[in-house]
Amino acid sequence: PGFTNPDTRLPSISYIDLRAAYIWGKTTLRVGVNNVADKDPPFITLFTAGYNTQASANTYPGVYDVAGRYLYANLTIDF
């Protein structure tokens, strides 16, 4: 049972994710980036979160992108 500040408002954040694929014969290359602008999630404290267990990450990881900008690539070759 924790105390939550009733005046606390967490902002909404929009993330831009990009991805692309190139197919050449039986080979497919996929690349992408999540959180292009590298927006940081809002910082919360135990007081803000009401002593919620998710406050250990200093934000809500199920709602906000905690990893920051994330680049990825995938190469698939079909035989």
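Two residues count as being in contact when heavy atoms lie within 4.5 Å. Keep that in mind, since contacts come up more than once below. One more thing before we start: what you're looking at is a predicted model.

Let's take the overall layout to begin with. The protein has one helix and three strands, and from the N terminus on these elements follow the order β-β-α-β. It has 79 residues, of which 19% count as buried. About 6200 Å² of the protein is exposed, with carbon and sulfur atoms supplying 57% of that area. Now look at the contacts with a separation of 6 or more: 63% of them join residues 24 or more positions apart.

On to the sheet. The three strands form an open sheet, ordered β1-β2-β3, with antiparallel pairing. Strands β1 and β3 are the edges, each pairing on one side only. Direction ignored, neighbouring strands of this sheet are turned by 10° against each other on average.

Now go through the pairings. Strand β1 covers residues 18-24, and seven bridges tie β1 to β2, residues 27-34, in antiparallel fashion. You can follow the register across the pair: L18 stands opposite V33 in β2, Y22 has L29 as its bridge partner, and I23 sits opposite T28. The hairpin of β1 and β2 has two residues between the strands, and G25 takes a positive phi near 65° there. On to the next pairing, where eight bridges join β2 to β3, again antiparallel. One place to find this pairing is R30, whose bridge partner in β3 is N74.

How many of the seven residues of strand β1 are buried? The number is zero, so β1 lies largely in the open. Y22 is a good residue to check, being part of strand β1. Its relative accessible area is 53%, and since anything over 50% counts as exposed, Y22 falls in that class.

Compare that with T28, which belongs to strand β2. Is T28 buried or exposed? The cut-off for buried is under 20% relative accessible area, and T28 has 10%, so T28 is buried. Which residues does T28 touch, leaving aside its neighbours within four places in sequence? The list is Y22, I23, N74, L75 and T76. Two of those names have already come up in the β1 pairing: I23 stands opposite T28, and Y22 is the bridge partner of L29. N74 is also familiar, as the partner of R30.

Finally, turn to the surface. Y22, W24, L29, V31, L75, I77 and F79 make a nonpolar surface patch of about 890 Å². Strands β1, β2 and β3 (70-77) are the elements that give two or more residues to the patch. Looking at the numbering of those residues, it helps to recall a general point: in a regular strand the side chains alternate between the two faces of the sheet. The patch also brings back a pair from earlier, as Y22 and L29 are both among its residues and are bridge partners across β1 and β2. L75 is another member of the patch, and L75 is also in contact with T28.

Terms used:
Residues are numbered from 1 along each chain as its sequence is written. This is a predicted model: local features need pLDDT of at least 70, side-chain atom pairs count only at pLDDT 80 or more; totals for chains, interfaces and linings use all residues. Side-chain values use heavy atoms; hydrogens and water are left out. Buried means under 20% relative accessible area, exposed over 50%, partly exposed in between (1.4 Å probe, protein chains only). Helices (H or I, at least four residues) and strands (E, at least two) are DSSP runs, numbered from the N terminus. Two strands pair if DSSP finds at least two bridges between them. Patches are made of residues with over 30% relative accessible area and no salt bridge: like charges are joined within 9 Å, nonpolar side chains (Val, Leu, Ile, Met, Phe, Trp, Tyr) within 5 Å. Accessible areas come from the Shrake-Rupley method with a 1.4 Å probe; for residues, only the protein chains shown count as cover. A salt bridge is a side-chain nitrogen of Lys or Arg within 4 Å of a carboxyl oxygen of Asp or Glu. Axes are lines fitted to C-alpha atoms, for helices over the stretch in contact, and angles run from 0 to 180 degrees between N-to-C directions.
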